[in-house]
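Biologist: Can you take me through this one, and tell me what stands behind each label you use?

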Amino acid sequence: MSVLITGVAGFLGVHLASALLKDGETVIGIDNLSTGQIRNVRKLMDFETFHFMQFDVSDRRVLEFDLLYDVREIYHLASPASPKYYQAFPFDTIRANTDGTRNMLELALRNRAKLLYASTSEAYGDPERHPQPEEYCGNVNTWGPRACYDEAKRMGEVICYEYHHRFHVDVRVARIFNTYSAGLRNDDGRVISNFVTQAIGGEDITVYGDGSQTRSFCYVDDNIRGLRLMMKSKETNGEIINIGNPKEYSILEVAQLVKKLADSPSRITFHPLPKDDPKLRRPVIDKANRLLGWKPEIELDEGLRRTIDVYRAEFAAKVATPSS
Ligand code: NAD
Ligand code: UDP
């Protein structure tokens, strides 16, 4: 029996698939390659037990593929995740998290499979409670550029709730806080990929606003370990759990840290703050710790060092062979 990952060509999808394949699992990956990268799929093709389907999870016909009727676990990660992309494709984002989530839940129901839904700290919106525990209901604006993502994820959670309560589907929801490492596209638009790309290239590091807004950054290995524990544990059936690193940094601090660790001559510059940009973001992870014994192990300095090393090697390779 196999594990299904939707969004397998994306940042988290390829890391999760690699980890599962290395442990001998058979993995089926679905992706429509909207924000994902074909090079991620090619990397996974090195494993004989990896199967790829280029398809849109929002399309109901996804339920017609025989290959999908042998899956025992479904990680539903498919959705644009960077503000740059979800704001460019709002309706696709809404559909991936509503129709797409429903399709995957329907598959879980028919297969008696477990499902993990990748929700987000954005479900808390611009929080009025700090730090954020799972029971905080959030402060989300329906009338703004982030709503297509935030509200679609909240609706995805609602659909999970209904399939769990009405049809007893074994489902868990991970509210994922900002996660990073090498593997984020250089043009992804999220803060770590922007700052590291800029620092290595000697370009201006672009802080939005005055940089006093905060985020809590989780290294990808910690995140993937958390998601896998969530899938394995019986305790998480029907639960929402924060997966993030509770250490909080201002964005200006992150810019300074990246500049220092990359030993970069880049200037730190300030630009308009995007509308509805949350001011604070930090998870309470007591629940993950209690139910899963999970907490992050890799601090930002160490994670950034690893990230910078890989981006730098890729940058050097690109300079050496400009056409690649
Ligand atoms: P990503 O953009 O790198 O990957 C998403 C993948 O989903 C891409 O490969 C894309 O092509 C694919 N996809 C999008 N819509 C699809 C559709 N309709 N059908 C099939 N494939 C589709 O993003 P990521 O950082 O890997 O995020 C993965 C998931 O985790 C997303 O659901 C995101 O909302 C959630 N999440 C991520 C973070 C983070 O910090 N990385 C934080 C919170 C939540
Ligand atoms: N940000 C920034 N410069 C950038 C990209 C992002 O200052 O080049 C800020 C952004 O305004 C936000 C924070 O960094 O306050 C995190 O942004 P990201 O897009 O990574 O994630 P999200 O806002 O969804 O948490």
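**Ligand shells and a helix face**

Modeller: Both α7 and β8 supply at least two residues of the shell around ligand 2. Keep in mind that this is a predicted model, where local features need pLDDT of at least 70, side-chain atom pairs count only at pLDDT 80 or more, and totals for chains, interfaces and linings use all residues. Residues are numbered from 1 along each chain as its sequence is written, while chains are lettered from A and ligands numbered from 1 in the order in which they are written.

Biologist: What makes a residue count as surrounding ligand 2?

Modeller: Its C-beta atom, placed from the backbone, has to lie within 6 Å of the molecule. For ligand 2, 13 residues do, and the closest are R190, V191, N194, T206 and Y208. β8 gives the most, with three residues.

Biologist: And which residues come nearest to ligand 1?

Modeller: G7, G10, G36, A78 and A81, out of 29 around ligand 1. α1 gives the most to that shell, with three residues.

Biologist: Why are I251, V254, A255 and V258 of α9 called buried?

Modeller: Buried means 20 or more other C-beta atoms within 10 Å of a residue's own, so these four meet that cut-off.

Biologist: How do you know that the buried residues line one face of α9?

Modeller: Take the directions from the helix axis to the C-beta atoms. The buried residues of α9 fall within an arc of 100°, so they line one face. In general, an α-helix has 3.6 residues a turn, so residues three or four places apart point the same way.

Methods: A residue is buried if 20 or more other C-beta atoms lie within 10 Å of its own, exposed if 12 or fewer, and partly exposed in between; C-beta atoms are placed from the backbone.
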